[in-house]
Amino acid sequence: MVMGIALCGVILICIPAVHGEGRVIEITADSDSRYKIAGMRTPEITVKAGEPVLLRVTANRGKSWNRDGSIHGFTLLRAKDRSRVEGWDLLFKSGTQEFQLTAPSEPGAYEVVCTVICSEDHEGMHMKFTVIP
Ligand SMILES: [Cu+2]
């Protein structure tokens, strides 16, 4: 009996690793041109260097959007020089979508910025992103 429980524990832990899904981060890219994370007054993402991340995004359309139907963007910049991080330049359509990503390998301060002119408040659509060792 005890052994059976222990086995279950191992299996549960192994499933995400097998699928490479990693930690799930849920954000809302909202109609008021703000990123939101449940339970956080100021949204902020912290990940471990190189860890797999499944980003689940729910996007709600603001006052304006791109011709291709993208309503918000999400680009990761290095805070020190505002350079873009490869693989982290995303565009969102209305609704919920998922992105399988890998956290940057370099620990440090980053920033997420929106790349779609989603309203007159678009410039305020950003959030802190930290990579820990
Ligand atoms: Cu925006």
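Reader: Hi! Before I look around, what do buried, exposed and partly exposed mean here?
Author: Buried means under 20% relative accessible area, exposed means over 50%, and partly exposed is in between. Keep in mind that this is a predicted model.

Reader: Thanks! Which residue can I try that on, K80 maybe?
Author: Good pick. K80 has a relative accessible area of 64%, so K80 counts as exposed.

Reader: And what does the side chain of K80 meet?
Author: The side chain of E106, in a salt bridge with 3.0 Å from N to O. The two come from distant parts of the chain: K80 sits in the loop between β5 and β6, E106 in the loop between β7 and β8, and they are 26 residues apart.

Reader: Why is E106 called partly exposed?
Author: Its relative accessible area is 40%, so E106 falls in between the cut-offs of 20% and 50%.

Reader: Nice. How many salt bridges are there by this rule?
Author: The count is 10. One of them joins K36 to D32, with the closest N and O atoms 2.9 Å apart. K36 is partly exposed at 33% relative accessible area, and D32 is partly exposed too, at 37%.

Reader: Where does D89 fit in?
Author: D89 meets the side chain of R84 in a salt bridge, 3.0 Å from N to O. D89 is partly exposed, with a relative accessible area of 45%.

Reader: Which residues are linked in a network of salt bridges?
Author: E26, R56 and E98 are linked that way. As background, side chains of opposite charge can pair when their charged atoms come close.

Reader: Let me step back. What does the secondary structure come to?
Author: One helix and nine strands. The helix comes first from the N terminus, and the strands follow.

Reader: Okay, and what order do the strands take in the open sheet?
Author: The four strands run β2-β1-β4-β7, and the pairing is mixed. β2 (35-36) and β7 stand at the edges with a single partner strand each, so each has one side without a neighbour in the sheet.

Reader: Mixed how? Is the pairing of β1 and β4 parallel or antiparallel?
Author: β1 (residues 23-29) and β4 (residues 52-59) pair in the parallel sense, over seven bridges. For landmarks, A29 stands opposite A59 in β4, and the bridge partner of I25 in that strand is L55.

Reader: What about β4 and β7?
Author: β4 and β7 (residues 95-102) are antiparallel, over eight bridges. There you can find V53 opposite L101.

Reader: Time to go inside. Which residues touch the most other members of the largest nonpolar core?
Author: I27, Y35, I45, L55, F74 and F129, out of 30 residues in that core. β1, β3 (44-48), β4, β5 (72-78), β6 (84-92), β7, β8 (108-113) and β9 (126-132) each supply at least two of its residues. In soluble globular proteins, nonpolar side chains tend to be buried together.

Reader: What does I27 touch?
Author: Leaving out residues up to four places away in sequence, its contacts include Y35, I37, I45, L55, V57, F74 and M127. K36, R56 and T58 are also among them.

Reader: How many aromatic pairs are there by this rule?
Author: Six. In one of them, the ring centres of W88 and F129 are 5.3 Å apart and the planes are at 75 degrees, so that pair is edge-to-face. W88 lies in β6 and F129 in β9, so the pair ties together parts 41 residues apart in sequence.

Reader: Are W88 and F129 buried or exposed?
Author: Both are buried. They also belong to one aromatic cluster, together with Y35, F74, F92, F99 and Y110.

Reader: Last topic! What are the protein donors of the copper ion?
Author: The SG atoms of C114 and C118, lying 2.0 to 2.1 Å from the copper ion. Both C114 and C118 are buried.

Reader: And what share of the whole protein chain is buried?
Author: Buried residues make up 35% of the 133 residues. Looking at contacts with a separation of 6 or more, 67% are between residues 24 or more positions apart.

Methods. Residues are numbered from 1 along each chain as its sequence is written. This is a predicted model: local features need pLDDT of at least 70, side-chain atom pairs count only at pLDDT 80 or more; totals for chains, interfaces and linings use all residues. Side-chain values use heavy atoms; hydrogens and water are left out. Donors are N, O and S atoms within 2.8 Å of the metal (3.2 Å for Na, K and Ca); water is not among the atoms, so sites may look incomplete. Buried means under 20% relative accessible area, exposed over 50%, partly exposed in between (1.4 Å probe, protein chains only). Two strands pair if DSSP finds at least two bridges between them. A nonpolar core is a set of buried Ala, Val, Leu, Ile, Met, Phe, Trp, Tyr and Cys residues joined through side-chain atoms within 4.5 Å. Contact means heavy atoms within 4.5 Å. A salt bridge is a side-chain nitrogen of Lys or Arg within 4 Å of a carboxyl oxygen of Asp or Glu. Rings of Phe, Tyr and Trp (its six-membered ring) pair if their centres lie within 6.5 Å; planes under 30 degrees apart count as stacked, over 60 as edge-to-face and the rest as tilted.
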